[in-house]
Amino acid sequence: MRHYLDFIEQTMRHNWNAKALTDYEGEVDYTYGDVATQMARLELLFEKIGLHKGDKVAICGRNCANWGVAYLAIAAYGAVAVSILPDFTSDSIHELVNHSDARVMFVGPWVRGRIELSKMPHIETFIAIEDLSVIQSVLPLNMEQWQADFTAKYPDGYKEKDLFFQKDNLDDLALINYTSGSTGSPKGVMLTHRNLSSNVIEGEDHIPNRPGLTVVSMLPLAHMFGLMFECIYQLAGGTHV
């Protein structure tokens with residue numbers, strides 16, 4: 001089976017300057033090259049904070065371009081994304097983050113105003129979704145040094161030739177998606193890269209997806225259909241989201 005990150009890698013190579021992710025009435029407007037560059041910056045940050053393959057990284061915030069970037073960076077790094085609906089209560093967010101054993105958390109401004117970081121003691125680094133900056137970390141992290149290290153690693157800028165995503169991990173855990181819990185407490189559904197890849201392959205036969213098309217992402221990216229068919233599948237084919 002072809003890995004969905006292989007689709008995305010090839011699409012990025014061939015559509016480097018095409019639009020990929022844009023915030024509706026917002027300031028973030030990424031090309032596929034921009035998305036790849038932001039992913040590489042986050043992967044360098046993950047290295048700096050000692051994140052390991054298989055470690056959990058929570059994402060909790062309203063839909064935005066950087067939500068998609070955060071997910072792809074986690075996936076490409078080999079960590080496990082934990083998607084949590086921003087509409088959950090504060091107590092539920094605290095509980096699910098702790099239950100997932102996440103070490104890192106991407107958090108949006110609307111959520112950040114409703115939660116207490118101290119109630120998620122296992123989180124070592126909090127990252128703002130809106131600008132991918134570090135809010136708080138147990139390690140001393142200097143944003144200027146982070147950028148300097150990235151520039152030193154890619155002195156000519158991050159280019160198509162630098163792209164390489166791991167693709168031999170189809171059966172590794174990729175995502176823990178917490179359900180809305182309509183019949184009880186939310187359950188963490190564990191999905192592998194194979195699960196996601198099979199949806200991309202199946203979507204090719206039924207859903208238009210190619211460079212030059214644009215789709216408006218309406219459903220929460222913390223929902224599987226929203227993440228799969230209003231973000232990952234589209235980016236795999238070159239559509240502008």
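Which residues does S217 touch, not counting residues up to four places away in sequence? I started my notebook with that question. The model I am reading is a predicted one.

**Entry 1: S217**

I looked up the contacts of S217 and found N63, E230 and V241. With E230 there is also a polar contact, side chain to side chain, at 3.4 Å. Next I placed S217 in the chain. S217 sits in the loop between helix 7 (193–203) and helix 8 (224–237). Is S217 buried or exposed? I found neither. Its relative accessibility is 24%, so S217 counts as partly exposed. The limits behind that word are under 20% for buried and over 50% for exposed. I then checked S217 against Y24. They are 193 residues apart along the chain, yet their C-alpha atoms are separated by 9.3 Å.

**Entry 2: the sheet**

I turned to the strands. I found an open sheet of 7 strands with mixed pairing. I wrote down the strand order as 7-6-5-3-4-8-9. Which strands stand at the edges? They are strand 7 (133–137) and strand 9 (188–192). Each has a single partner strand, so one side of each is left without a neighbour in the sheet. I also noted the twist. On average, neighbouring strands of this sheet are turned by 20 degrees against each other, direction ignored.

Then I picked one pair from the sheet. Strand 3 (residues 56–60) and strand 4 (residues 80–83) run in the parallel sense and share 4 bridges. One residue match I checked was V57, whose bridge partner in strand 4 is A81. I looked at what packs on the sheet and found helix 3. Helix 3 touches strand 3, strand 4, strand 5 (102–107) and strand 8 (173–178). The direction of helix 3 makes about 170 degrees with that of strand 3.

**Entry 3: the nonpolar core**

How many residues are in the largest nonpolar core? I read 85. The members that touch the most other members are F46, Y71, I84, M105 and F106. Helix 3 (residues 65–77) gives the largest share of this core, with 11 residues. I followed F46 further. Leaving aside its neighbours within four places in sequence, F46 is in contact with L51, A73, I74, Y77, F106 and I127.

**Entry 4: helix 1**

I went to helix 1 (residues 4–14) next. Of its 11 residues, 8 are buried, so helix 1 is largely enclosed by the rest of the structure. I listed the buried ones: Y4, L5, D6, F7, I8, E9, T11 and M12. What covers them? The cover includes helix 2 (32–48), helix 3, helix 7 and helix 8.

**Entry 5: aromatic rings**

I searched the whole structure for aromatic pairs and got 7. One of them joins Y154 and Y158. Their ring centres are 4.9 Å apart and their planes make 85 degrees, and the pair is edge-to-face. Both Y154 and Y158 are buried. I compared this with F225 and F229. There the ring centres are 5.3 Å apart and the planes stand at 45 degrees, so the pair is tilted. F225 and F229 are 4 residues apart in helix 8, which means about one helical turn separates them. F229 has 14% relative accessibility, so F229 counts as buried. Last, I traced a cluster. Ring pairs link W16, F150, Y154 and Y158.

Conventions
Residues numbered from 1 in each chain as written. Predicted model: local features only at pLDDT ≥ 70, side-chain atom pairs only at ≥ 80, totals over all residues. Heavy atoms only, no water. Core = buried A, V, L, I, M, F, W, Y, C linked by side-chain atoms within 4.5 Å. Buried < 20%, exposed > 50% of the residue type's maximum accessible area, 1.4 Å probe, protein only. Helix = DSSP H or I, 4+ residues; strand = E, 2+ residues; numbered from the N terminus. Contact = heavy atoms within 4.5 Å. Pairing = 2+ DSSP bridges. Axes fitted to C-alpha atoms, helices over the stretch in contact; angles between N-to-C directions. Polar contact = N/O pair within 3.5 Å; in protein donor to acceptor, adjacent residues only side chain to side chain. Phe/Tyr/Trp six-rings, centres within 6.5 Å; stacked < 30°, edge-to-face > 60°.
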